[in-house]
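Trainee: I should like to learn how contacts between chains and enclosed spaces are read from a model. May we work through one example together?

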Amino acid sequence: MVSLEHYVALSGILFALGVYAVLARRNAILVLMGIELMLNAVSLNFAAFASYLDPERVTGAVFAVFVITVAAAEVGLALAIVIRLFRLRATSNVDEAAELKW
Amino acid sequence: MTLEEAQGYVLLATLATPLVTAAILVLIPSRYRMAHRYLSLAAGAVMLGLSVYVFAAYQVGHDPIQMTLRWPWVENVAFLGEKGVSLYLGVDGISALLTLLNGIVAFGGILVSWKIDYRPKDFFILYLLLLTGVYGTFFALDLFFFFFFYELAVVPLYLLIGVWGSTRKEYGALKLTLYLVAGSVLIWIGIFAVVREAGLGTFSLPALWEAGQSGALSPAFQKTFFPFFALGCGVLAGLWPFHTWSPDGHMSAPTAVSMVHAGVLMKLGAFGIIRLGIQILPQGAEFWMPTLLVLGTIGAVYGAVGALTQRDFKLISGYSSVSHMGYVLMGLGTLNAVAMTGAVLQMFSHGVMTALVFLLIGAIYDQAHTRDMKDFGGVAKVMPLWVIGYVIAGLANVGLPGLSGFTAEFHIFVGTFRSYPVFGALGIVAAAFAAAYMLRLFSIVFFGPLNPRWASLRDARPVEVISGGLLILSILAMGLYWAPFVERVSGTVLHLPGVAN
Amino acid sequence: MGAEHAWLLAAIPAGAFVVLALFGRYLARGGDWLGIAAIGTSFALFFVVLADFLGTGSGLGPFAASIDWTRIGDFSFPMGIYVDPITIVMLAVITTVALMVNVFSVGYMKGEPRYWWFFAVLQLFAASMILLVLADNLLLLYISWELVGLCSFLLIGFYWEKRSAVEAAKKAFVTTRIGDVGLLIGIILLWREAGTFNIQEILHLAEEGHFSHTYLLVAMLFIFVGAMGKSAQVPFHVWLPDAMEGPTPVSALIHAATMVVAGVYLVNRMLPAFEVVDETLLVITIVGLVTALLTGFMAFAQTDIKKVLAYSTVGQLGFMFVAAGAGAPEASMFHLMTHAFFKALLFLAAGSVIIGTHHHQDMGELGGLWKKMPITGTTFLVGSLALAGVPPLAGFWSKDEILVVLDKQWGPWAVSLLGFAAVLTAFYTTRLFIRTFLGQPRDAHIAEHTAETPPVMTGPLVFLAVLSIVSGLVVFHEVGTALGFPGGFGEFVFLPTHGPHAYEFDAAFAGGSVVLAVLGIFTASWFYWGGRLDRSTRLAQWQPRLYDMLVNKFYFDELYQAAIDYGVLGFSYVVSWFDRYVVNDTGVDGSAQLTGYTGYILKHLQSGRLPHYAMSLALGVVALAVAGLVMRG
C-alpha cells in the first residue's frame, strides 16, 4: 500500500534536491528550477496530507493551488530579471551579480 | 484668579518667552541682524526679570511645590489613565534657585553674543531653544515633559558648538552630543520602567513620588533602576569617570554656549538625580548614594589635581568644573540635609562663577587667539577690569569667605563630615589644591612684568562689563547675605525622602 | 555705648574699605585721611569698650548674645562676639599698631601707584583682624582668618609688577591654606561632637569630658596645625621671610604685630581644651622651641634688614607658643603685646631707613646711619634693646616671664634651650643694629644722600618706642591697679583653672635673663663693632658648609620645591595623562572607535552575493525550527 509516509518522504527528497539546487548551483536558471522544485514538493506534501487526513474538504489541495499560482507569478518575474541581467552582463552566473554590497 | 494660579502662568511665561521669541526670529529675515540681537536681548531681560520674580516670590515654610500649572495633554489612551501626560509646571526651593541661575547666566550669555557675525539669527534661535529646554526641565512636574525639555536642552548644543565653536569644534560637538544622548537613553529606559512599575498610567511626578515613597515600587526595583537615572543624569553632571566630554566640549564651544553649558546645564544633571533619583526611588538612592559619594569625592580631588598642570585656560576651567561638580555630587551622596543644601548652593555658586570665567576667557581669546597660559604675563597692566573680574571668580572658586563658593562648600563639608569624616577631609584638601592652581593662573597670566606682545590688548567691553558685573553681584550676594538662599533650599531639602539631619 | 558695641570697631574700618575700594581713586589724597579717621575712631572706641569692660569687672564677656544667621534642622550658623581679657589685649594691640602704621604709611607710600588701594586693604585687614579676636564661635573666626589671609595676599603682592612679589604672595597664601585645611578639619571635628561652634561652650564640654580623649586630641592637633600655618612655625615658616616683598608698613602690621599672632591668639583662646589633652602642650612647646632656635640661627646669616626682622618675628612667635605650651596664657599674651610694639617699631624704623636711604635695605650697603638719621637710629636702638631683653624695657619683662613659667612646667632642659634662643636673639639684634647704624658707611654714595624722614614717619616711631619702654611695667600689680585693671597682667589674663597670678620678682631668673641678653650683645659686638668684619668673615670661612646651610635657611625652600615638583606636580601630570589617554582616548574615543570597527566588520555580511543570502535564509529557518522545538519541549 502506498501510505502517507511515502508521499512525505518523496516530497522531502524533492525539497532537499530543490534546496541543493538553490544553494549550490551557479546558473540562475538552475536556481529558479530549484525553487520550482521546492514549491512543487511543498504542494505535493499538502495534497498528500489533504487526501489522506482530510478527504472531504481537501483543504491541503486548496493550499496547493495557491502555491502553484504564486509560483507561476514569481517565476515569471524571476525569469524576467534573469533575462535582463543576461542582456546586461552576458552571464547568468549568480556569483557575478554581486554589485549590491558594501 | 488666585495668586497661586497667576504664578503658575508666570512659569509658563518664563518658559514661553524664549520659545516664542525663537519663533518670531524664524520669521524675521536674516539680514535684519540688529533686530535679531535686540529681540533676543529683550527676551533675555524678560527672562531675567521673571526668574528673579520666581526666586523672590517663592515662599519659605509653605508647601515645597509652588506656582503650579497643569494643562492636560494626553489622557485615557492605551496605558495612560487619568493625568496621563500633562504639561505640569511648578517649582520647589531647589528649582527656584536654579531658575534664578539660568536667568542670570542666560542674560549674560545673550549680551556677550552680541558680536557674533556669522548667521546670528540661527545662533540666537538655537540658543533660545536651549534656554527653553533648561527652564522646562526645572519647571517640569511631568516625566514626559521633563525628558522632552531635557533633550531640547541637549540637542541644539551640537549645532551651536559645531558651527560657532573653535578648536576642533566638530569633534567636540559630536562627542558632547553623543555622550549626553547616550546618557539620555539610560534616563529614558528608567522613565519607562518607573511608569510601568508604578502602574498608575501617569507620568506625573508628584504621583510617582507618592508611589515611590509609599512602597509601590519595590526595593529591588528601586535598586536596579536608580543607576539608570544616576548614570544618565550623572553624565550630564560630569560624574567621574564620565566627565571627559566636558573639557573638550568647553574648549570647542563659543563663549555664550560655554557659559550656559558649564553654568547651568551641568547642574541639570545633578538636578535630575534629585528629581528623578532621590524623589522617585528613595530606597534605591539610599543604597547607591555611598557609591555616588565616592565618585563625587574622586571627581573633586581628581579635577583639582588635574587642573594644576594644565596650560590652556579653558582646560583649567573644565577640570575645575569637574572638581566643583564633584563637590555637588559628594554633597548629594551623603543624603544629609546640610550637605545637600550646600550641594544645591554650590550648583548656583559654581554656575555663576564658571559663567563669569568663561565670559572672561572668551574676552581675551577673541583678541589674543591663544589660550596658552605661558604666552601671557602681566596683563593686569592693560586689562585691569578683566583681571579684577577673574580674581573675584578665582577667589570664589577657592572658597574664600565673603564669596559664594565658601557658603556652598562650607555647608557641604560640615554636612559630609557628620557621616563621612574622611571624605569631608578629602574635600577640604581638594580646596587647598584649588588655591594652588588658581593662584598659579593669577601669577603666570595676570601679574608680573607685562609681556610686550600684549601691550595693545584692550580691557573688557561694555557688554562684558555688564554681564560680568551681574555675575559678580550674584557671587557677592550669596557670599555676604546667604539667608534667603539657604532658607529656600533647606526647606525643600528637608522634605526630600531619606534625607537625614 | 559699651562692650556690646565692640563690633563697631570692626564695622567702621569695614565701611571705610568699601568706600575706599569703590571711590578711593577719586578722593583727595587717595583717601588716606579716611583710612586714618576710621582706624582712629576704632582706636578711640577701644578705650570706651575697655572702660565699660573694666567697670563691669573682669571675667566673662558681657556680650554673649549671638544671632542665628541661618538654620538647617539642628545646624545653625551663628554670629556673635565675645569680649574677655584676652580680647582686650588683642584689641589694644591691633588698634594701636594699625593706627601707627596708617599714619606712617602716609609718608612711606607717598608717590606710590595705587596709593588709595593700599589704604583700602589696610582697613579691610583691620576690620577682619578685629572681627577675628571678637568672634565668639569658630566659624566666624575661620571666616575672618581667611579674610586676613586674603589681605595679606593682596598686600604682599602690592607691587605686582615684580615677579618676586607675586611669587611671595602666592607662596604665603598657599602655605597658610595648607594650615587652614587643618584648622577647618579641626573645627568641624569639634562641631561634630559638640553640636555647636561656640568657643566657650566647646571649652566647657571639653573640660567636662564630653569628648573622648583620642578624638579631642586629634581635633586639637588639627587646630594647632592651622595655628602653625598662620604663625609661620616650622615647618610652615617659609612664607614669612618672602612676605617681606610687601611694603614695609605691611610687614610691620601684618607680619609682625597682628596677623601672624592669630595662631598664638587661637591657641591661647582654646588653651583650656588643649589642657584637657595635655600631650598637645608638649607638642606646642617643642614646635615653639625648635622654631625659636632654627630661626635664631637663620637670622645670623641674613643681610637684608627686613629679612633679619622677619626671622626674628618667627622666632619670637615661637617664644609665645612655648609660653602657651607651658599653660601660661598670661606670659604668652604679655609677650605678644610687648613684641607687637617693639617689633612694629623695628619694622617701621627699617622702613624709615629704606626711605631715608632711597630704597636700600641690605646691611652690606649701609652702616653709620646714626649720624644722618638720629631719630630713626634712637628708636631702632630702643626696639633692639627691647627685643634683646634688656631691662627695664618691655621685652625683658615678657621674656623673663616666659622663662619662669617654662621652668615651672617643663624644667631646666626647656629653659636652657629657650635661654640659648634668647642669646641668639640678642646676638643677631645687636649685629643688625651695629652693621646698619654704627661704624663707617659701606657705600659713600648712599650715605651722601641719606636724610632723616619726615615727622609723619618718625612720629609713630617715637610713640612705639615709648610703648616699648613702658608697656612691660604693666606686669606689676601696682601699675595695673593704677590704670584701672584688677592688678598686674597676670591677674588680668589667666587660665580659669590656674587662677590669677600676681607678679613675683624672681631675682635668679631676672639676673639670668640679663646675663643672657648681655652675653648675646657682647658676643655680637666683639664680632662686628667698629666695622671689623674680619672676625665674622673668618667665622664664616671656618665652617663653610655650616655657613652655607645658614645662608640657605637650612634648605627648607629647596626641599619644599623638590617635593612640589616631583610629588604634587608629578601627581598632577599623572592625573592629566590618565585623564587624556586612558579615560578619554581609550575609554571614550576608544569605545566610539570600537563601534565603528564593529560596523566595519559587520558590513562584510552584505556581500551582495545571492548564494550567501540564500544560505543565511536556510540557516535561519533551521535555527528557528530548532528553537521552536526546544521551547516547545
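Mentor: We shall take the interfaces of chain C in turn and then the cavities, bearing in mind that this is a predicted model.

Trainee: How many residues of chain C are in contact with chain B, and what area do the two chains bury between them?

Mentor: An interface may be read first by its residues and then by its area. Here 48 residues of chain C meet 59 residues of chain B. The two chains bury about 4700 Å² between them, and carbon and sulfur atoms account for 72% of it. Of the area that chain C buries against chain B, 13% comes from C:I72, C:W160 and C:R177, more than from any other three residues.

Trainee: Which residues form a salt bridge between chain C and chain B?

Mentor: For a salt bridge, one looks at the distance between a side-chain nitrogen and a carboxyl oxygen, with a cut-off of 4 Å. The rule finds 1 salt bridge across this interface. C:E161 pairs with B:K381, their closest N and O atoms lying 3.0 Å apart. In addition, 17 residue pairs are in polar contact across the interface of chain C and chain B, both residues being at pLDDT 80 or more. The elements giving two or more residues to this side of chain C are β1, β2, α5, α6 and α26. By class, the residues of that side are 30 nonpolar, 5 polar and 13 charged.

Trainee: What does the contact between chain C and chain A involve?

Mentor: The same reading applies. This contact takes 12 residues from chain C and 9 residues from chain A, with a buried area of about 880 Å², 65% of it from carbon and sulfur atoms. C:G608, C:R609 and C:P611 supply 40% of what chain C buries against chain A, more than any other three residues. C:R609 also forms a salt bridge with A:D95, at 2.8 Å from N to O.

Trainee: How many cavities does the structure hold, and which residues are closest to the centre of the largest?

Mentor: Rolling a probe the size of a water molecule over the atoms shows where empty space is left. The structure holds 9 cavities of 30 Å³ or more, and the largest has a volume of about 100 Å³. Among its 13 lining residues, the closest to the centre are B:G399, B:F413, C:Y142, C:R177 and C:L184. Two or more lining residues come from each of α15 and α16 of chain B and α6 of chain C.

Trainee: Which element gives the most to the lining of the second largest cavity?

Mentor: That element is α17 of chain C, with 4 residues. The second largest cavity has a volume of about 70 Å³, and its lining divides into 7 nonpolar, 2 polar and 2 charged residues.

Note on methods: Residues are numbered from 1 along each chain as its sequence is written. Chains are lettered from A and ligands numbered from 1 in the order in which they are written. Side-chain values use heavy atoms; hydrogens and water are left out. Contact means heavy atoms within 4.5 Å. Buried area is the accessible area (1.4 Å probe) that two parts lose on being put together, summed over both. A polar contact is a pair of N or O atoms within 3.5 Å; within protein, one must be able to donate a hydrogen and the other to accept it, and residues adjacent in sequence count only if both atoms are side-chain atoms. Ala, Val, Leu, Ile, Met, Phe, Trp, Tyr, Cys and Pro count as nonpolar, Asp, Glu, Lys and Arg as charged, and the others, Gly among them, as polar. On a 1 Å grid over the protein atoms alone, a cavity is a set of points where a 1.4 Å probe fits but cannot get out, and a pocket is an open set with protein on both sides within 12 Å along at least five of seven lines; lining residues have an atom within 4 Å of a point. Grid points are joined across faces, edges and corners, and a volume is the space filled by probe spheres set on the points.
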